[in-house]
Amino acid sequence: MSAPDVCAVALSGNRIALVPARSGHAPAADDSRVLPLEEGLALMARLESEDAPRWVCWSAAAALWPAVRAGLALRRVWDLAEAHRLLVGGWEATPQLVWAAAHGLPRSGLPQAPSGDLFDLVATTGDQPGPDDVTTPAGYLRPDADTDEWLGGDGHLAAYAQAALGCQLAQTGRLQQVSPRGISCATSESAASLLCLELERDGLPIDRAAATDLIAEAAGPRPESDADEREIRRVRDQRVLRHAPGHEDTDLRNPAHVRELLASAGVHVPNTRKWVLEPYRATHPLVAALLDWRRDERIATTYGYHWLDRHVGADDRLRGAWSACDGAAGRMTAQNGLHNLPAPLRPAVAAAPGHAFVRADLGQIEPRVLAVVSADAEFAAATRADDLYLPVAGQLGVERPTAKIAVLAAMYGQRSGAAGEALRRLERAYPVAMGFLDRAYAAGLAGRPVRTFGGRLIRLDAALPPGVDLSDRGRIDSARGRFARNAVIQGAAAELFKAWAATVRATTADLGAQIVLCLHDELLVHVPEGAAEEVAARVEQALVDSARRWSGTDAVRFVADTSVIHRWSEAKG
DNA sequence: GATTTCACGTA
DNA sequence: CGTACGTGAAATCC
């Protein structure tokens, strides 16, 4: 047959099934291969270099992890689970759900796997597959299709991989229906899913000595024993409690106790959150000591020696699991503190010897995204400026800070609106963009789902907490309105970001570049020192190209602040 | 033991 | 100036 442009991959135990095909055509049966893992990876490497097929899998995490771990740099992927999340919203994406949604089968008809107990007599629907069938008579994917038990059967793994190809075909049809950009967005989400595996494999370079010093500043020296640890903790607590004679027994980790402690010192607050206490910092030395203690305690507990030992490997890389999208608007998520490392620890994120970081973050991404998704020509014109709030301020006849607050208030909130008059002028100056936001808000209020620019379904049918009375209804509805309005912007921004990251990955790999951190609007790329300037230039070019492809227009300008640094903490620009 | 609440870091 | 996420400690539920 002619060169394959897709190849299904499925794994079970130590075996791998590869099914090369021409997209849209049934694969020839004799092209399927079921091989021991090592041989399969060798074949994948050969196919990748000869044909660069799109690797189709039920999920990259399940099917591609061994290939990524082995260092294969796959170029094109289709992750059925990610495409499914785009199509139907939320995060659930078992192969059975993915198959059913792609084929338009109702969820209510999903067959249950026999569990072997007496209830099977009443629980099973009767829609049970034959022993070697990958689908049921009603057309669903068999309930145990993804279990090692069934996949161990003769021919089953190849059939499961082949089913992924059929599922992709059905899925692309659905995606085309829901959004003109659905397919390109699913491609980009799939690339992000593969990138997540590489992020987990490669980790974030850490200067262990620097990290240890920074932790010591907050948490004290590394404890030698449990008793030592208790003593260090007691001393840390004492720095607060010495300001509260007679209350030395207070448990500082118990907010209720802390609130009582503060009351005894004459500071009466509804809760002990930082922004509530901050105004009292100068009122009583106890408050200042408590707030400093909280900052140090955060590092000591969440980012202390325990964290360093558990998540930073022998190769000085911080590793955590990554996910290509959350269950809401679709931003990437990461575990083990990769997404919420406190700023004081950032000097410890350092390029390895002979390497540098190319750090780039998107400037004013959300208002620029609003210009794209609302197709507001006037607002798009403002994005030609490096600082879009300047032309907006001119248009509104207000100062820049006022214009910025008005734009942010329009996109996110306008509850405690200091914006007032500026907001009304914004409505007049950019009726198209503001109308877009109003419609998203109205959909949220009514509980109607919305779709992002790329086609991701944002569901608003989340079950209400029990016992919600009518007086809470308005509050909950308006929260949904704000959620929907935020999601169409935040979600679209996430789509552009992933398209950009995928392009950077593809266009800088030959220079030995590794993306080591994705932070919503910021990329950190680890590169050999000599390649840094070239990678920085390609990161900028990648934004121009991916933004044009994603937005479908040249009318909206996106900007990145890109620099070559050696520690993450180094100043921007 | 699992889930919820509080608190706080990031964007 | 709102939304989202992940984490840990204590309280609470079962």
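The following legends describe close-up views of a predicted model.

**View 1. Crossing of helices α4 and α9 in the predicted model****.** Helix α4 spans residues 80-88 and helix α9 spans residues 182-202; their axes come within 8 Å and cross at roughly 135 degrees. The two helices are therefore oblique to each other, and α4 passes α9 in a right-handed crossing. On the α4 side the contact involves E82, A83 and L86, which meet G182, C185, A186, E189 and S193 of α9. Sorted by class, this contact contains four nonpolar, two polar and two charged residues.

**View 2. Helix α5 and its surroundings****.** Helix α5 covers residues 95-102, and seven of its eight residues are buried, so the helix is largely enclosed by the rest of the structure. The buried positions are P95, Q96, L97, V98, W99, A100 and A102. These buried residues pack against α4 and against α8, the latter running over 156-178. After α5 comes G104, which has a positive phi, near 70 degrees.

**View 3. The largest nonpolar core****.** This core has 103 residues, and V392, L426, W500 and F558 are those with the most contacts inside it. Helix α22, residues 470-508, gives the most to the core, contributing ten residues. Another core, of 33 residues, lies apart from it and has A17, L86, L87 and L175 among its members. In soluble globular proteins, nonpolar side chains tend to be buried together.

**View 4. Contacts of F558****.** Which residues are in contact with F558 once its neighbours within four places in sequence are left aside? They are I365, R368, V369, V372, L496, L543, A547 and W550. F558 is also one of the residues with the most contacts inside the largest nonpolar core.

**View 5. Packing of helices α16 and α19****.** Helix α16 (residues 365-374) and helix α19 (residues 400-412) pack at an angle of about 65 degrees, and their axes are 11 Å apart. Their crossing is left-handed. From α16, E366, P367 and L370 take part in the contact, and from α19, V407, M411 and Y412. By class, the residues of this contact comprise five nonpolar, no polar and one charged.

**View 6. A52 and A375, residues with positive phi****.** Most residues other than glycine have a negative phi. A52 has a positive phi, near 45 degrees, and A375 has a positive phi, near 55 degrees. A52 is placed in the loop between α1 (37-50) and β4 (54-57), whereas A375 is placed in the loop between α16 and α17 (377-382). Is each of these alanines buried or exposed? With a relative accessible area of 18%, A52 falls under the 20% limit and is therefore buried. A375 has a relative accessible area of 60%, over the 50% limit, and is therefore exposed.

**View 7. Environment of V450 in strand β11****.** Strand β11 consists of residues 450-451 and includes V450. The relative accessible area of V450 is 11%, so the residue is buried. With neighbours within four places in sequence set aside, the contacts of V450 are A443, R456, L457, I458, L460 and V488. V450 and R239 lie 211 residues apart along the chain, and their C-alpha atoms are separated by 51 Å.

**View 8. T272 and R273 in the loop between α12 and α13****.** Helix α12 (255-264) and helix α13 (274-277) bound the loop in which R273 is placed, and T272 is found in the loop between these two helices as well. T272 has 8% relative accessibility and so counts as buried, while R273, at 48%, counts as partly exposed. Leaving aside neighbours within four places in sequence, T272 is in contact with P255, V258, R259, L262, L277 and R294. R273 and L291 are 18 residues apart in sequence, and the C-alpha to C-alpha separation of this pair is 9.4 Å.

Methods: Residues are numbered from 1 along each chain as its sequence is written. Chains are lettered from A and ligands numbered from 1 in the order in which they are written. This is a predicted model: local features need pLDDT of at least 70, side-chain atom pairs count only at pLDDT 80 or more; totals for chains, interfaces and linings use all residues. Side-chain values use heavy atoms; hydrogens and water are left out. Axes are lines fitted to C-alpha atoms, for helices over the stretch in contact, and angles run from 0 to 180 degrees between N-to-C directions. Helices (H or I, at least four residues) and strands (E, at least two) are DSSP runs, numbered from the N terminus. Angles under 35 degrees count as roughly parallel, over 145 as roughly antiparallel, 65 to 115 as roughly perpendicular and the rest as oblique. A crossing is left-handed if the near helix is turned anticlockwise from the far one by less than a right angle, and right-handed if clockwise. Contact means heavy atoms within 4.5 Å. Ala, Val, Leu, Ile, Met, Phe, Trp, Tyr, Cys and Pro count as nonpolar, Asp, Glu, Lys and Arg as charged, and the others, Gly among them, as polar. A nonpolar core is a set of buried Ala, Val, Leu, Ile, Met, Phe, Trp, Tyr and Cys residues joined through side-chain atoms within 4.5 Å. Buried means under 20% relative accessible area, exposed over 50%, partly exposed in between (1.4 Å probe, protein chains only).
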